[in-house]
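Hi,

Here is the structure I promised to pass on. Have a look at it first, and then read on for what turned up.

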Amino acid sequence: TEIILGYWNDSTRFKPVGAEEAVEYNRMTIKLHGPWIPPGTNAHGYHWGIVWQMHGPNWFVPGSPPMTLDAQEKYRLFLYGGDGSGGGFVDLSDATLAVDTWVDWVIETKWRVDNTGYVRLWRKNEGATEWTEVHASYNIPTLAWRTVQSGSPHYAKVGFYRSASNHTNAVSHRSVIRTTKR
């Protein structure tokens, strides 16, 4: 199952996220159910376990989302904005999976096609009273583009997207919110 947060502009494109200067918050609660086994590696040597993503334009090649929250052997953030020539996984200060526990996440993003964007990520485990900032990246592109730097349509998706595996994992999502206020 997947949930797409946005609406259609016309029959072929999603509404773009915010304006050039927009700061947006994506908040969600996620539970990874045990037993948890990290997804396997595909024939090309890649593996992923995406639980949230800001997906770029469908015509964008190579097609990796410009930003994802990933759960494999630990939580990680994947940043791949801009022209697709850089980016990759970044570690979080608290990356523990906390299997069978609800984990609240807030992702604050300044959406930019150039190097003036940023992303900050907070986490709060079930039963905790305080939020912990677990990552911040500044001066980065947060929207994907190819050839021309323009704010092409991007859209948020939640679900569990994984590389091929010989096992089944269960992921629950609740309280998925996309807003301009924290």
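**The largest pocket**

The largest pocket holds about 380 Å³ of space. Keep in mind as you read that this is a predicted model. The lining of that pocket is made up of 16 residues, and W48, I50, S64, P65 and F78 are the ones nearest its centre. Three elements give two or more residues each to this lining: β3 (49–55), β4 (67–71) and β5 (75–79). Sorted by class, the lining has eight nonpolar residues, six polar ones and two charged ones.

**Salt bridges**

How many salt bridges does a search of the whole structure find? The count is seven. Here are some of them.

E24 pairs with R178, with 3.1 Å between the closest N and O atoms. E24 sits in strand β2 and R178 in strand β11, so this pair ties together parts that are 154 residues apart in sequence. E24 counts as buried, at 7% relative accessibility, while R178 is partly exposed at 25%.

Another bridge brings together the side chains of E108 and R120, at 3.6 Å from N to O. Because E108 belongs to strand β7 (residues 102–110) and R120 to strand β8 (residues 117–125), the pair links parts that are twelve residues apart in sequence. E108 is buried, with a relative accessibility of 7%, and R120 is partly exposed, with a value of 23%.

Then there is D114 with R112, where the closest N and O atoms are 3.0 Å apart. D114 is partly exposed at 25% relative accessible area, and R112 is buried at 10%. On top of the single pairs, E108, R120 and E133 are joined into one network by salt bridges that share partners.

**A buried lysine without a partner**

K31 is one to click on. You'll find K31 in strand β2 (residues 23–33). K31 is buried but has no salt bridge: the nearest side chain of opposite charge is that of E126, 5.4 Å away. Leaving aside residues up to four places away in sequence, K31 touches D100, T101, W102, A170, V171 and S172.

**Backbone oddities**

Most residues other than glycine have a negative phi, and most peptide bonds are trans. A few spots here go the other way.

- G34 and P35 are joined by a cis peptide bond, with omega at about -5°. P35 is in the loop between β2 and β3.
- N139 is not a glycine, yet its phi is positive, at about 60°. N139 is part of strand β9 (residues 132–140), and at 57% relative accessibility N139 counts as exposed.
- S175 is not a glycine either, and has a positive phi of about 50°. S175 lies in strand β11 (residues 170–179) and is partly exposed, with a relative accessible area of 45%.

**I140 and its contacts**

Is I140, in strand β9, buried or exposed? At 19% relative accessibility, I140 counts as buried, because the cut-off for buried is under 20%. I140 and L79 are 61 residues apart along the chain, and their C-alpha atoms are separated by 9.1 Å. L79 is also one of the residues that I140 touches, and the others are D114, N115, T116, G117, Y118 and V119, not counting residues up to four places away in sequence. You have already met D114 above, as the salt-bridge partner of R112.

Happy browsing!

Key:
Residues numbered from 1 in each chain as written. Predicted model: local features only at pLDDT ≥ 70, side-chain atom pairs only at ≥ 80, totals over all residues. Heavy atoms only, no water. 1 Å grid on protein atoms, 1.4 Å probe; cavity = no way out; pocket = protein on both sides within 12 Å on 5 of 7 lines; lining within 4 Å. Points joined across faces, edges and corners; volume = space filled by probe spheres on them. Helix = DSSP H or I, 4+ residues; strand = E, 2+ residues; numbered from the N terminus. Nonpolar A, V, L, I, M, F, W, Y, C, P; charged D, E, K, R; others polar. Buried < 20%, exposed > 50% of the residue type's maximum accessible area, 1.4 Å probe, protein only. Lys, Arg positive; Asp, Glu negative; His and termini not counted. Salt bridge = Lys/Arg side-chain N within 4 Å of Asp/Glu carboxyl O. Contact = heavy atoms within 4.5 Å.
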